[in-house]
Amino acid sequence: MNHDVPLSAPPRRTGGIVFLGLAVLGSAGALFVLRRPLMMSAPTCMAGRWHGCVDTFNGVVFLTLVTLPLAVLAAWLLARRRRAAGVSSAWPLSLAEVGMVHGTVPFVWMILMPGAGAGLVPGRVSLVPLRDLITMGPLGIVGNLLVFASLGFFAPMRFAALASVPRVLALGAGCSVLVETAQYVLQLDRVSSVDDVLVNAAGAALAALASRRRWRTAPDTPSDRPRPALAPAA
């Protein structure tokens, strides 16, 4: 018998377990940090009341964490379906799709929340770069960095055409321009700032750098189509 064969787990499977463990630890840490505001919004959200839940930052964060198990279940169902169809890299593709949606929609929802003077105050625009960074403060800067962070992290893993940091930077900037334009057109009593676009795009690019090792080792052309089976040799 050959005793030189290593008995360790496949590298991809080990990397997936480590990544899932880090995601669980990160979610637990976020839950610990946000435990007080979440407890304030939990009774209102659990009662099914719109006001005080989905129209507040705390309520959206609470709903995001509550629906996290559903997001994991959706990723598992997609991966199971892909495996049944013979698709390679079923779990990374499914996780990337669900992660992009679940990690981006709540932030966009918070950005598009109307202010007190929505519909009454005309749209405001700030086109001078770096002028609004001082007024953002550390919390505002971190929040803007996280708006499209999930999109920048998972998009290169799902779409080979986006497997480039400059392309993810352009994607983040384009999505941010759309959101800022929506704020102005809908008169949500918010300032459409070029600094928001810059920080949002930077957050997407930094997240792409964080996942670069994973999407650089992914298949060059991920697809939902199963690979054709090899014909038996004559």
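A residue counts as buried when its relative accessible area is under 20% and as exposed when that area is over 50%. The structure discussed here is a predicted model, and of its 234 residues, 33% count as buried by this criterion.

In outline, the protein has 10 helices and 2 strands, which follow one another along the sequence in the pattern α-α-α-α-α-β-α-α-α-β-α-α. Among contacts between residues at least 6 apart in sequence, 73% join residues at least 24 apart. The protein exposes about 14,900 Å², and carbon and sulfur atoms supply 70% of this area.

Helix H8 covers residues 165–185 and repays a closer look. With 21 residues at 1.5 Å a residue, H8 should span 30 Å, and this agrees with its end C-alpha atoms, which are 30 Å apart. The buried residues of this helix are Val 165, Val 168, Gly 172, Ser 176, Val 179, Glu 180 and Gln 183. Seen down the axis of H8, these buried residues fall within an arc of 105°, so they line one face of the helix. The face turned away from that buried side carries the exposed residues Pro 166, Ala 170, Leu 178 and Val 185.

Beyond the helix, the chain enters the loop between H8 and strand S2 (191–193), where Leu 186 has its place. Leu 186 is exposed, because its relative accessible area is 54% and the cut-off is over 50%. Just after H8, Gln 187 takes a positive phi of about 55°. On the surface, Leu 186 joins Val 125, Leu 127, Tyr 184 and Val 185 in a nonpolar patch, and together these residues have about 530 Å² of accessible area.

Terms used
Residues are numbered from 1 along each chain as its sequence is written. This is a predicted model: local features need pLDDT of at least 70, side-chain atom pairs count only at pLDDT 80 or more; totals for chains, interfaces and linings use all residues. Side-chain values use heavy atoms; hydrogens and water are left out. Patches are made of residues with over 30% relative accessible area and no salt bridge: like charges are joined within 9 Å, nonpolar side chains (Val, Leu, Ile, Met, Phe, Trp, Tyr) within 5 Å. Accessible areas come from the Shrake-Rupley method with a 1.4 Å probe; for residues, only the protein chains shown count as cover. A salt bridge is a side-chain nitrogen of Lys or Arg within 4 Å of a carboxyl oxygen of Asp or Glu. Helices (H or I, at least four residues) and strands (E, at least two) are DSSP runs, numbered from the N terminus. Buried means under 20% relative accessible area, exposed over 50%, partly exposed in between (1.4 Å probe, protein chains only). Contact means heavy atoms within 4.5 Å. The expected span of a helix is 1.5 Å times one less than its number of residues. The arc is that of the directions from the helix axis to the C-beta atoms.
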